[in-house]
Amino acid sequence: MKIYFILVISFFLLFAKTVNASDINRYVTIVNPVRGRNFWQSIKSVQRQIDLITGYNLSSTWLLQYDVLNDDIAYNLFKKLPVNQELGILLEVDEKLATDSNAAYLFGDGGWWRSDKVLLSGYELGERKRMIDRVFEAFKKVYGI
């Protein structure tokens with residue numbers, strides 16, 4: 001066993017290459033999860049985030065929760081984003097997604113942030129599939145992507 005360990009370490013040392021920080025491409029990805037309206041003080045808070053990012057001409061990804069896909073005001077806000085802004089799905093389970101998908105949401109049993117409520121792993125396989133189908137259908141219907 002010791003010989004095997006020594007051979008493996010020797011192999012890595014023999015073919016080791018020095019890498020400088022200047023040799024590596026550096027990227028920053030700005031990702032903005034946007035939850036449903038009950039988390040906002042007003043739409044202005046989301047608009048300020050968009051204005052800040054677009055004001056610096058930065059690219060960004062906006063991940064929209066199911067609740068946001070059913071919000072006309074949010075739709076108008078995200079539909080007019082510049083081309084360097086990307087839309088995606090924030091696949092968190094909320095009460096509306098569970099209810100619309102006929103999934104058993106744990107009402108009154110702890111906070112919304114509990115992993116067995118907010119993550120798909122807290123639900124039965126059939127419920128997961130229905131929720132995934134529901135949110136993807138809504139996203140495609142609303143944004144045509």
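Asp71 is a good place to start: in this predicted model its relative accessibility is 13%, so Asp71 counts as buried, the cut-off being under 20%. Buried or not, Asp71 has a partner. Arg37 forms a salt bridge with Asp71, and the closest N and O atoms of the two are 2.7 Å apart. Look at where the two sit: Arg37 is in the loop between S1 and H2, while Asp71 is in the loop between helix H3 (66–69) and helix H4 (72–79), so this pair ties together parts that lie 34 residues apart in sequence. Arg37, for its part, is partly exposed, because its relative accessibility is 33%.

How many salt bridges does the structure hold? There are three. As background, side chains of opposite charge can pair when their charged atoms come close.

Another of these bridges starts from the loop that holds Arg37. Here the side chains of Arg35 and Glu92 meet, with 2.7 Å from N to O. Arg35 lies between S1 and helix H2 (43–55), and Glu92 lies in the loop between strand S3 (85–89) and helix H5 (95–100), so the bridge links parts 57 residues apart in sequence. Glu92 is buried, at 14% relative accessible area, whereas Arg35 is partly exposed, at 26%.

Then there is Lys96, which pairs with Asp100, the closest N and O atoms being 3.2 Å apart. These two are both in helix H5, four residues from each other, which means about one helical turn separates them. An α-helix has 3.6 residues a turn, so residues three or four places apart point the same way. Lys96 counts as partly exposed at 34% relative accessibility, and Asp100 is also partly exposed, at 26%.

Now step back to the whole chain. It has seven helices and three strands, and following the sequence you meet them in the pattern α-β-α-β-α-α-β-α-α-α. Of its 145 residues, 30% count as buried. The chain exposes about 10,400 Å², with carbon and sulfur atoms supplying 58% of that. If you take the contacts with a separation of 6 or more, residues 24 or more positions apart account for 72% of them.

For a closer look at one strand, try Val31, which lies in strand S1 (residues 31–34). Val31 counts as partly exposed because its relative accessibility is 43%. Leaving aside residues up to four places away in sequence, Val31 touches Thr61 and Leu63. Val31 and Leu87 are 56 residues apart along the chain, yet their C-alpha atoms are separated by 9.8 Å.

Finally, follow the chain to helix H7 (residues 125–143). At 1.5 Å a residue, its 19 residues should span 27 Å, and the end C-alpha atoms are indeed 27 Å apart. Which residues of H7 are buried? They are Glu127, Met131, Val135, Ala138, Phe139 and Tyr143. These residues cover an arc of only 100° around the axis, so they fall on the same side of H7. The other side of H7 has exposed residues: Leu125, Lys129, Glu137, Lys140 and Lys141. And what do the buried residues of H7 pack against? Their neighbors are strand S2 (60–64), H3, H4, S3 and H5. Just after H7 comes Gly144, whose phi is positive, near 65°.

Definitions and conventions. Residues numbered from 1 in each chain as written. Predicted model: local features only at pLDDT ≥ 70, side-chain atom pairs only at ≥ 80, totals over all residues. Heavy atoms only, no water. Buried < 20%, exposed > 50% of the residue type's maximum accessible area, 1.4 Å probe, protein only. Contact = heavy atoms within 4.5 Å. Areas by Shrake-Rupley, 256 points an atom, 1.4 Å probe, with all protein chains shown as cover. Salt bridge = Lys/Arg side-chain N within 4 Å of Asp/Glu carboxyl O. Expected span 1.5 Å × (residues − 1). Arc of directions from axis to C-beta.
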